[in-house]
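User: I am new to this structure. Please take a close look at one part, chain B, and then place it in its surroundings.

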Amino acid sequence: MNLSHKIFAWLFICLFLGSNGSADETTLTNNEKGEQIFSLHVGQIFSDKCNACHGADQDEIQGELNLTSLAGLMAGGATRDDLLLPGNPEKSFLLDVVSWKDPDYEMPPKANDRLTESQIQKIREWIEYGAPWPDAATRQKYVEAERQKVRTEAGVLVATSGGLSDDWTYRRYKDEDIWAFQPLATPTVPSGPEGQGKPKNANPIDAFIAAKLAGAGFDPAPRADPNVLIRRASYDLVGLPPTHREVNEFLLAWKKSPSGAWTDLIDRLLESRQYGERWAQHWLDVARYADTAGLSNDYERSNAWRYRDYVIRAFNDDKPYDEFIIEQIAGDELADEQMRERCTDEKAFADSRRSGDYTEAEVELLVASGFLRMGPWDPAMVKTPEARQLYVDDVVNAVGQTFLSTTMRCFKCHDHKFDPLPTRDYYRMYAAFAGTQMAERSAPFMSSESTDRFEDGEELVQRLKSFADEKVEWLENKTSEAADQWLAERGIPKPAGTKAELADIPDDQKPPRHIGLSEEEKGRLKVRQQDQWIWERRLERYRPMVQSVYNGPTPKKLNGRKLRIPEHVDADWNPECHILSGGSLEAPGQAVTPGVLSATRVAIKEAPADDPYGIGDDLHGRRLALAEWIADDRNPLTARSIVNRVWQYHFGKPLAGNPNNFGGSGKKPTHPELLDWLAGNFVENGWKLKRLHRLIMSSATYQQSGKHSDIDRIERVDADNDLLAMFPNRRLTAEEIRDSMLQITGELNLTAGGVPVMPEMNMEVALQPRMIQFSLSPAYQPSRTPEERNRRSIYSYRVRGLADPFLETFNQPNANDSCEERDVASVSPQAFTLLNSDVVTDRSIALALRVENEADAVVARIRRAVELVFARTPTDAEEKKLLKYVQDMEDYHAKTPVKKKDYPTSISRSVVEEFSGQPFSYEEILPVYENYVPDKKSADVSAETRALADLCLALFNSNEFIYVY
Amino acid sequence: MPTMKICSRPISTASSRREFLYGLGASLGSIAMSSAFAKDINQPLANPLAAKKPMHAAKAKNVILLFMEGGPGHMDTFDPKPKLNELHKTESKNDRGLAAGQYQFYVGSPFKFRKVGKSGIEMCDQWQYMADPEIADELCNYRGCQAESLNHPEALFHMNTGSRLGADPSLGAWATYGLGSLNDNLPGYVVMTELALPQGGSKNWSNGFLPAFHQGTRLRSVGSPILDLKSQPNKSREHQRMALDTIGFLNDQHAARHPKHAELAARMESYELAYRMQMEVPGVVDLQGEPEYIREMYGMNQKETRDFGTQCLMARRLVEKGVRFVQIFSGGWDSHDYLERGHASRIKSVDQPMAALIRDLKQRGMLDDTLVIWTGEFGRTPDNNKRGGVYSIGRGHNIDAMTMVMAGGGVKKGAVVGATDELGAKAVDCVHPIRDFHVTLLHLLGLDDNKLTYFHAGRYKQLSQFGGEVISELIG
């Protein structure tokens, strides 16, 4: 380890000594008290709030008042000389001015610059004590004495690795603003409301909730009805509604034993494979999962799907969360370490690594490291150092937000404005990733992974690629023939040589670029060449490769379309890292070594005493050390972070309001003791999520009704339902709506895992041209058969530059930013989608066909449709009204013809060439539609079915379907 | 078109309607975040897009942003650089800094420049309609803006959302968040693109972290103007009404079992708005009613100007109807090569329509409070590289200098503000980052960037990210 890099100003603040001032403070004389107040407060107020106009610039002093010296203050300004009468605050006009008592003299003049009450009080006290104006050395003495006190009325000091200035380093914090950095408390579980015949709360969650509720004078809501509970639990754990049959079975079991029925239900749901599919979606929201890289080219991340399936497996297998963390941040380091042990030398290691000679367990680790490849990134038009910085900044922020609920971006350019996070710590974490390079790596498929549909998929991509290959070849032949002819006409022999040699030939000795091609053809050539790359990348989807990283020097050139481990990786390379002031590469400041967030006061295990938060600067193992520190039992941010998220996904609202930012500017936890208790309990019991689900769902708080007898008062006192006097309802998420419709129609294909599937999306959007660098991205083609299309939404192809309009309309988050909480606003485009779109119309027809199949009479069919969508039987009023509707619709459809839908097998594209501004057109093939198996459409069914489908559509549009209680 | 309410049933039996998703400014931001419960259940449900008073006296009520995707060359449009023509094809000494690297030779503009109008504002000879004194003397050319990202999508995101990351609310979203819309039956923020979406796609008109009401609604030039606006082809408007009534019936039954649940009513209301939009939107996008001389003026009868002209005319109609913010994307400005042909054809495609838009707004008395802005995501370099050994007569991306042209909405008339150096490499006078342009735009709309904030992910966020200053030189 290079000790010369260690130039940290470590603070050794003794946190056990003195809390509210030391003993000799009481013995200060009045003059000394005045000096102290001036040194600590008043001097600063003058310089922050007044001197800009009154003294900082000696040539431009406003109102002839100079506040940079006592003499200046005593002399007063142009109009008054009674600003300061030492010992007599009431007569000192200064106090009137800063209190805005005299409308003609209100200082500072801007409302948002006004002094606070406590600042005014400090000035008052200073005058009372005689208004002394100590010299700089004396002031410094008071400042330093003050810094010995950990806690003063201004707040508490937090020991960190140190800011860029002493002012920042010795900044004081309010306890409530640094709650997240404090060690987990071990709160006593409240004893609960005893007496009045109420039992003590069995579940500690209820005890914490009840204690606060009782404080506000509310009773908790009663337990919800069992049919409400099964729907709530099903959506929460598996993201799908219970079937009518499951509801009935549950109701029967409930009659025998409510608690037994409930426990069995939760066990069944947690064991179902759909649990992982539902909860992985939450994780992917935070991790920003997508199958493409976004930005200029939106390049395919061909094997990202393996990471998606890893996350699903991790949830289903109940992988301990600490392991889950380590694998995602350092999986490649672990896999390589294990491989290195098998290899005789570095050469053998490098060879095995390139050929992907990993065990299944090691592959799993490599796939997990795909987390480090989730952010949008494209180095097009960006020089390597900046492209590198964009990547590392993104990863550092992603790791901070995801695992530590800390927005790292906030202290990239300067010490954190609010939190005890020095910019040094940002760059220490940055240094932990400074040797992390992106690469698609070789890694064989595991037995736990699905390679279904590889053959068909590959064949289609190959076909599309061949089409582009042929077109390129034709155009290249044409230009090469024209070039030959150009040379022949001038009697110049055909040049030969390396690329560099060819470039040296004078311009007049070689044929013009793209000679022989029309403008139209030049444009086409560019499009086809780009297509070749696109399909090349997509073919890699079917190769034993993984989107991962490795440790090594930054390659000279970075190109987002192909990132590989180079043949020779300098294993001894050691990146130099600096604090970049203002985040600028061109302004490197102090050197830093890798390290972690010092404000947590969780030291790295086995770290040297002079650098407890340092990781050691070997190139390999930096991330592992960081990951182990994050996953350390003592790390207060980590456990709070995940427990808070899990709580949020059960209750629709987190305990601490900003799951990606626990800093002082974020929302404070509504139940800090409960959060700490849950976090501590979670860690003690092995970081197991399924146990946490059971704990939460077995609470009365989770099982309570969404209705409350005292609703009006709750709305007044606790409008945000922070106290959880009742269960908060929620709208279904985009994926839940789609998956539920498919389950209800019977179309849902529950096959797990594998390469992304392409559901049908709005045809106008699917065929919509989309600009990428130099070209247009190819059209979106849905999977060929309904079985492939009708998989759960988590398996859908996720393109950063082309959101599925259905999912996007229902607030599927933008994959460019980590989503801590989804928007649920009801907007009109949602109505258009559910009422008018092809995809929902198709679902309504599918449901109508299912219902016709399962029941004969119209009334029975209506009943069945309601059962399937609402998991209950219709009321008499509903049945009557819906029957009338279906009959009216039968009349309508009997009179209204329908046209058949055609699918195009190719489209013509027209583009303005980016460089030349000339329009050109070209043909794109859509082979999927050549033998496409469409869903049943309106034209394929009878008027009777269409009428029934109208009813089904209404059910899918209803609030009862869309909301969970 | 009068906004008839064809509502055959009362909107909802759940009378507890209130605003619960919308809050203006910092103090209400947290309410907006917590959509589950509101402060007062008995307040009537406010339309989240209802028109609001500006924070200070506004100069502009509406904005029409003409976005030239790809980055027009300032020295080939509105910012003449005779020195460049002297240096044409000589070795470039222009240092572009660490991130961008070096270009090989200077490129003079293929176009001649002249002063036009009484104001003597400069533009190249490709601008013919814009050069009409009546139009030229309305213009304010700003030459001091600087961008930050060399890449199209990041630069587009930055100009459109104030952030390079592509996840923040766009200008139009902030404008409707601050001011609401003036028409209950139309979206407050409308976007029109070419057939191909610009790089970065819909994230350029995203609501970001603002509630979804503020998302730009894309009016599509081909097919359905709004996605799924029309019923399925076999379903009539009467059919739609009956469907809505049936859904309403189901929702009323449901609401009776779940009283005090305001989202239910709000969601039903969003269906009724959708129904009204189905009526209103086709009328706005149907240009058949526009007289022939207007269509002619906008260039709708010529191939080169038809698309942009149609969109400009649509923009005027939308603003007339009370749409707050209209944005039109027009691509193809990325002339790395074939500069003369490329820029000439791009200028031709926007020259007549843009001039017509300004003239039309003026003759209707709408220009005073409608701000028209013409800009790209960055400017272009004075120099370029050889490609395959051959001089490419084009330009690279330049983040240090660009040009914007504005009209109406309270900006100076016939004015040139700021300057670039003699080669157009860098802005040197009245230099401001994009955020200051954004703050100025809000200021003209009567909004204060420091007060127009929204609580998200632990802090109050604003368009400028961390504050900026008003470019007072632009304001008339």
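Analyst: What follows starts with chain B, moves to its contact with chain A, and ends inside chain A.

This is a predicted model. Keep that in mind throughout.

Begin with the overall make-up. Chain B has 476 residues, and 60% of them count as buried. Its secondary structure comes to 11 helices and 22 strands. Many contacts bridge long stretches of sequence. Take the contacts in chain B between residues at least 6 apart in sequence: 75% of these join residues at least 24 apart.

Now the sheet. In chain B, 8 strands form an open sheet with mixed pairing. Read across, the order is β8-β7-β9-β1-β10-β16-β5-β17. The edges are β8 (217–218) and β17 (415–417) of chain B. Each has a single partner strand, so one side of each is left without a neighbour in the sheet.

Look at one pair within that order. Strand β10 of chain B covers residues 370–375, and strand β16 of chain B covers residues 404–407. They pair in the antiparallel sense, over 3 bridges. Here W374(B) stands opposite V405(B), a residue of β16(B).

A helix covers part of this sheet. Helix α9 of chain B, residues 303–320, lies across β1 (62–68), β7 (189–192), β9 (325–330) and β10 of chain B. Its direction is about 175° to that of β9(B).

Next, the partner chain. On chain B, 87 residues are in contact with 87 residues of chain A. Four helices of chain B each supply at least two residues of the side that touches chain A: α4 (152–161), α6 (237–257), α7 (262–285) and α10 (339–363). The largest share of that side, 10 residues, comes from α6(B). By type, the residues on the chain B side divide into 37 nonpolar, 35 polar and 15 charged.

Finally, chain A itself. Chain A is divided into domain 1 (23–147), domain 2 (226–279 + 638–729), domain 3 (288–451 + 545–635), domain 4 (463–534) and domain 5 (734–964). Between domain 1 and domain 3 of chain A, the C-alpha centres lie 51 Å apart.

One helix pair in chain A is worth a look. Helix α7 (residues 204–216) of chain A packs against helix α23 (residues 672–684) of chain A at about 170°, with the axes 9 Å apart. That angle makes α7(A) roughly antiparallel to α23(A). From α7(A), P204(A), I205(A) and F208(A) meet E673(A), L674(A) and W677(A) of α23(A). The residues of this contact divide into 5 nonpolar, no polar and 1 charged.

Terms used: Residues numbered from 1 in each chain as written. Chains lettered and ligands numbered in written order. Predicted model: local features only at pLDDT ≥ 70, side-chain atom pairs only at ≥ 80, totals over all residues. Contact = placed C-beta atoms within 7 Å. Nonpolar A, V, L, I, M, F, W, Y, C, P; charged D, E, K, R; others polar. Domains from an automatic or database assignment. Pairing = 2+ DSSP bridges. Axes fitted to C-alpha atoms, helices over the stretch in contact; angles between N-to-C directions. Parallel < 35°, antiparallel > 145°, perpendicular 65-115°, else oblique. Buried ≥ 20, exposed ≤ 12 C-beta atoms within 10 Å, placed from the backbone.
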